[in-house]
Amino acid sequence: MREALALAGRAEAEGEVPVGAVVVLDGAIVGRGWNAPISLHDPSAHAEIRALRDAAAHVENYRLAGATLFVTLEPCAMCAGAIMHARIARVVYGAADPKTGAAGSVVDLFAEARLNHHTVVESGLLADACADALRRFFQARRRATG
């Protein structure tokens, strides 16, 4: 999660919402991502999606069975769908997202029994640090726009 927090810092330095993600497989980081929808002009360029793309390229397979995704913010519905399609075994997120969280805050797509893949979800790892990064970012943005 500390690496994901560092990547969130990279997103913030680029003017993006500070969210970072890493994919770990067999004890090694195989994918890294940070938010970049603004700079890439791509609504799908969330940290999770970018980490999944990086990991899939690294292992040369779009299926990431047995992998764990660490992300600083609870995944949204788009990211939850991509995580399940990639067959990620486990998601560990830091801060809950009460507005768009799809791992229990708004909906829980990972618990939907009708879907064909089920990812284990754990929450709260370094939650304070993850939430603080987001809080500071939005406070600064509100001050700047006055």
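**Close-up 1. The side chain of His117 and the backbone of Ile88 in the predicted model.** Here we look at a polar atom of the His117 side chain, which lies 3.0 Å from the backbone oxygen of Ile88. Ile88 also appears among the contacts that His117 makes beyond its neighbours within four places in sequence, together with Met84 and Arg87.

**Close-up 2. His117 and Thr119, side chain to side chain.** The two side chains make a polar contact at 3.4 Å. As for where to find His117, follow the loop between β4 (90-95) and β5 (120-123). His117 has a relative accessibility of 15%, so it counts as buried, the cut-off being under 20%.

**Close-up 3. The largest pocket and the residues closest to its centre.** This view turns to the pocket, which holds about 600 Å³ of space. Its lining is made up of 23 residues, and those closest to the centre are Val17, Leu73, Asp97, Leu134 and Phe138.

**Close-up 4. Helices in the lining of the largest pocket.** Two helices are worth picking out here: α2 (37-40) and α5 (127-145), each of which supplies at least two residues of the lining. The largest share comes from α5, with 4 residues.

**Close-up 5. Residue classes in the lining of the largest pocket.** If you go round the lining by residue class, you will meet 14 nonpolar residues, 6 charged ones and 3 polar ones. Asp97, one of the residues closest to the pocket centre, belongs to the charged class, while Val17, Leu73, Leu134 and Phe138, also among those closest to the centre, are nonpolar.

Note on methods. Residues are numbered from 1 along each chain as its sequence is written. This is a predicted model: local features need pLDDT of at least 70, side-chain atom pairs count only at pLDDT 80 or more; totals for chains, interfaces and linings use all residues. Side-chain values use heavy atoms; hydrogens and water are left out. On a 1 Å grid over the protein atoms alone, a cavity is a set of points where a 1.4 Å probe fits but cannot get out, and a pocket is an open set with protein on both sides within 12 Å along at least five of seven lines; lining residues have an atom within 4 Å of a point. Grid points are joined across faces, edges and corners, and a volume is the space filled by probe spheres set on the points. Buried means under 20% relative accessible area, exposed over 50%, partly exposed in between (1.4 Å probe, protein chains only). A polar contact is a pair of N or O atoms within 3.5 Å; within protein, one must be able to donate a hydrogen and the other to accept it, and residues adjacent in sequence count only if both atoms are side-chain atoms. Contact means heavy atoms within 4.5 Å.
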